[in-house]
Number of protein chains: 2
Amino acid sequence: MFGIVTDDVTLTPMLDSTALLTDHYELTMVRAAMRSGAAFRPSVFELFPRRLPTGRRYGVVAGVGRALESVEAFTFDEPTIDWLLAHDVVDQPLADWLADYRFTGSVWGYPEGEVYFPGSPLMIVEGSFAEAVILETVLLSIYNYDSAVASAASRMTAMAGERPCIEMGSRRTNEIAAVAAARAAFVAGFAATSNLEAGRRYGVPTRGTAAHSFTLLHASEAEAFEAQLRALGEATTLLVDTYDIEAAVRTGVELTNGRLGAVRLDSGDLAELAGSVRELLDSLGATKTRILVTSDLDEWQIAALRGAPVDGFGVGTSLVTGSGAPTCGFVYKLVARADSDEPDAPLVPVAKKSVNKTSIGGRKFALRRLDARGKAEAEVIGIGAPPSGDTNDRPLLVELIRDGDVVGVEALSAAQERHARSRAELPLSALKMSKGEAAIPTLLLDEHGASTDNPYARSEA
Amino acid sequence: MFGIVTDDVTLTPMLDSTALLTDHYELTMVRAAMRSGAAFRPSVFELFPRRLPTGRRYGVVAGVGRALESVEAFTFDEPTIDWLLAHDVVDQPLADWLADYRFTGSVWGYPEGEVYFPGSPLMIVEGSFAEAVILETVLLSIYNYDSAVASAASRMTAMAGERPCIEMGSRRTNEIAAVAAARAAFVAGFAATSNLEAGRRYGVPTRGTAAHSFTLLHASEAEAFEAQLRALGEATTLLVDTYDIEAAVRTGVELTNGRLGAVRLDSGDLAELAGSVRELLDSLGATKTRILVTSDLDEWQIAALRGAPVDGFGVGTSLVTGSGAPTCGFVYKLVARADSDEPDAPLVPVAKKSVNKTSIGGRKFALRRLDARGKAEAEVIGIGAPPSGDTNDRPLLVELIRDGDVVGVEALSAAQERHARSRAELPLSALKMSKGEAAIPTLLLDEHGASTDNPYARSEA
């Protein structure tokens, strides 16, 4: 299996090759462009959101590391090329080119964990049209799903504050998407996951003890709890709502002489139950036994449990489905290309004119404008040289791939730390759970550095 | 790579092993149950929905073939076991057992493409507690996602009628989930997909021609169209909304002397545009040129385009995200187990009592009750022997795995045909796009075959 290692970080894609995780039309476009002679014109593609999901105040970039893996693994072996030829997806000249395919261009992008706003140029891919266009589908898939999960996860960890969130939604999404979801949730501040593959592959801490079936398997709850305590120790978490919660809590405390690690509540009115279970635990002397809650939690439920004696949250369905926004709607658009395939041919901005789907031509810069206290004021994007002189503008684009070499690999913990810093910069309104506008406006600068009308401007409320 | 072949159908899972696509607690439960001596008690698990997504009138089972693959590939190699030991997920006795793990039990289930209702016992897994419980996560992941896509897809193909639907949502979901989505959409009647891996892996027909970037790459639209026609032939589909639609249609017709295969509209008011483009095409003599539409379609948009001269629909985001229901909420519950691990120990029904999360103990049968005209009247489920004598009851459970051997593999086209038949049996109300109750009621029979109260009964409107 393929893998690259940089500073103890290994990139190991799920599949040996990501080349067919691709829309049919990416290859037919190259096939046709080879006929016209335009296939190898220097080009710039941009991956960006036209807007945030309805009501959201910011988004979170995730999947960057996985995207770099997928570019490294984007190669066509002989059986793959034979299949493409046999099904007339490619012709022989394209097949010959694909056999040697490796991305040789350069990629800049927002680093993983960074927040984003409408129009943020999340990834800028520079290369020949052919080598850059065929990465479209897999890059969008990764960014759209991982960022949807991270964007939801960030709202949950913001509401949970210091109390840890554990990702446990594997069963409610595609079995391999689940691994990516666990990773994305970690970027946005989740402490752990139930998903073992995410533990092995990405080093996300894994957690889990028992489900209701384990209690039902045994003749009595006490028998089940005893077995669990023997196997996993007194620090374990007992699931106490299979039959009668009060009886289960008493049993757990008795069996551990009050040293039980935690109890888990997975049904009912969690705020009320947490309160009465806390009272019961305290009355039994189990003052250090924590209370974990699960059961269809989302950011609003977590916010509603702020006043309850809850020590941790397990989140499943709403997390892995993006809490109402299961995809980000990122698009990947050609924004500039040369008129010839000479390497130094000048790049010409291009943009389509489809209704409600405009894009802005040209290679972008992107800055987060901060006020004197370091709070974010605006997302500043534009073409050409970024404005100079204002030291509070934080550049957002980092180099991810240089002339085909992946240079942007980092540890997942670095992305988690970046997200915490980046979210802390946002105005307080960003963390409101009510529907609203983007927390900061997106400003588009023209060639002269002047602010100009743009499709990402906020509508006035 | 692992694979089993039955009647020309190959099962090839995405990963060499699916064993870690599993929640941590599945393994700790087995670890603890090995301590209590209960781990190998004969058990029955059931995978089922408590309800349909809000407002939906039926659901569609998909992922069955992928689930069978995942059971076959559920094996633990040495590095995996070493990782589990090193991270204290398993102890040595469990590690030894996992090293030899292969599922040896039996599985019955609804065949792929069948429709389902609240409480339908979609999969019944019989084996020891240990060998059956650890399949929970991966089975739920596959069923929950694939069925969410198929359930949305079925509503779209129902609205499209004879006009083909093409799946093109890969970019809006996880890159590997996308392959499963293309497969599930095909089961529910989609004609083709843009996803190349779904083409290679599952034989789903693939389609695609060009995106806006292809037009923008060239100096003029005519130059782009010429290149595409040379490479892909006159039967190709030209994307005509990059600049001016009327001019693009005229160019496409001129370049092909009226023999152009199709045009694609990807923006704007599709009904109005399709009408004017049809008139223009006909006026230019291109009466056989088809009109395909894409751009944020869903079942309601497709229904709204019934009267428009549209010849095919490309569906992306809403399909791969389940059109508002990105997961099915299936659960996997222990419904019966023996009191000892003797192979012939009698099975005892079990059920938890958690608020709003009741399950019904015991191994189920399931029948679709049909009226004299062959129309579905009810979903009949119960414990014990199914009612006999009524020849219009169609049994729903088929054997999928017998004593560890996969016996339920079938061609994907068989699932597609089954879905068409099964949907055609439903009352007409099933195909209403407005929110409503399940199209037929779920009846729960007691041991004596009498109808009894059940949590799946429809609320009266």
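Here is a short chat about a predicted model with a chain A and a chain B.

Colleague: Let's start with where the chains meet. How many residues of chain A are in contact with chain B?

Modeller: Contact here means heavy atoms within 4.5 Å. On the chain B side, 96 residues take part. On the chain A side, the number is 96.

Colleague: And how much area do chain A and chain B bury between them?

Modeller: The size of an interface is often given as the accessible area lost when the parts come together. Here, 60% of the buried area is on carbon and sulfur atoms. The total for chain A and chain B is about 8100 Å².

Colleague: Which three residues supply more of the area that chain A buries against chain B than any other three?

Modeller: Together, this trio gives 11% of what chain A buries against chain B. The names are Arg171(A), Leu196(A) and Leu217(A).

Colleague: Okay, Arg171(A) again: with which residue does Arg171(A) form a salt bridge?

Modeller: For a salt bridge, a side-chain nitrogen of Lys or Arg has to be within 4 Å of a carboxyl oxygen of Asp or Glu. Arg171(A) makes the cut, because its closest N and O atoms in this pair are 3.5 Å apart. The rule finds eight salt bridges across the interface of chain A and chain B. In this one, the partner of Arg171(A) is Glu26(B).

Colleague: Which element gives the largest share of the side of chain A that touches chain B?

Modeller: By class, that side of chain A has 42 nonpolar, 31 polar and 23 charged residues. Eleven residues come from a single element, residues 24–36 of chain A. That element is helix 1.

Colleague: Now inside chain A: how many residues apart are Asp393(A) and Arg369(A)?

Modeller: The side chains of Asp393(A) and Arg369(A) meet in a salt bridge at 3.0 Å, N to O. Asp393(A) sits in strand 18 and Arg369(A) in strand 16, so the pair links distant parts of the chain. Along chain A, they are 24 residues apart.

Colleague: Last one, about empty space: which residues are closest to the centre of the largest cavity?

Modeller: The structure holds five cavities of 30 Å³ or more, and about 120 Å³ lies in the largest. Its lining has eight nonpolar, five polar and two charged residues. Of the 15 that line this cavity, the closest to its centre are Tyr145(A), Thr173(A), Tyr145(B), Thr173(B) and Val320(B).

Methods:
Residues numbered from 1 in each chain as written. Chains lettered and ligands numbered in written order. Predicted model: local features only at pLDDT ≥ 70, side-chain atom pairs only at ≥ 80, totals over all residues. Heavy atoms only, no water. 1 Å grid on protein atoms, 1.4 Å probe; cavity = no way out; pocket = protein on both sides within 12 Å on 5 of 7 lines; lining within 4 Å. Points joined across faces, edges and corners; volume = space filled by probe spheres on them. Nonpolar A, V, L, I, M, F, W, Y, C, P; charged D, E, K, R; others polar. Buried area = accessible area lost by both parts, 1.4 Å probe. Helix = DSSP H or I, 4+ residues; strand = E, 2+ residues; numbered from the N terminus.
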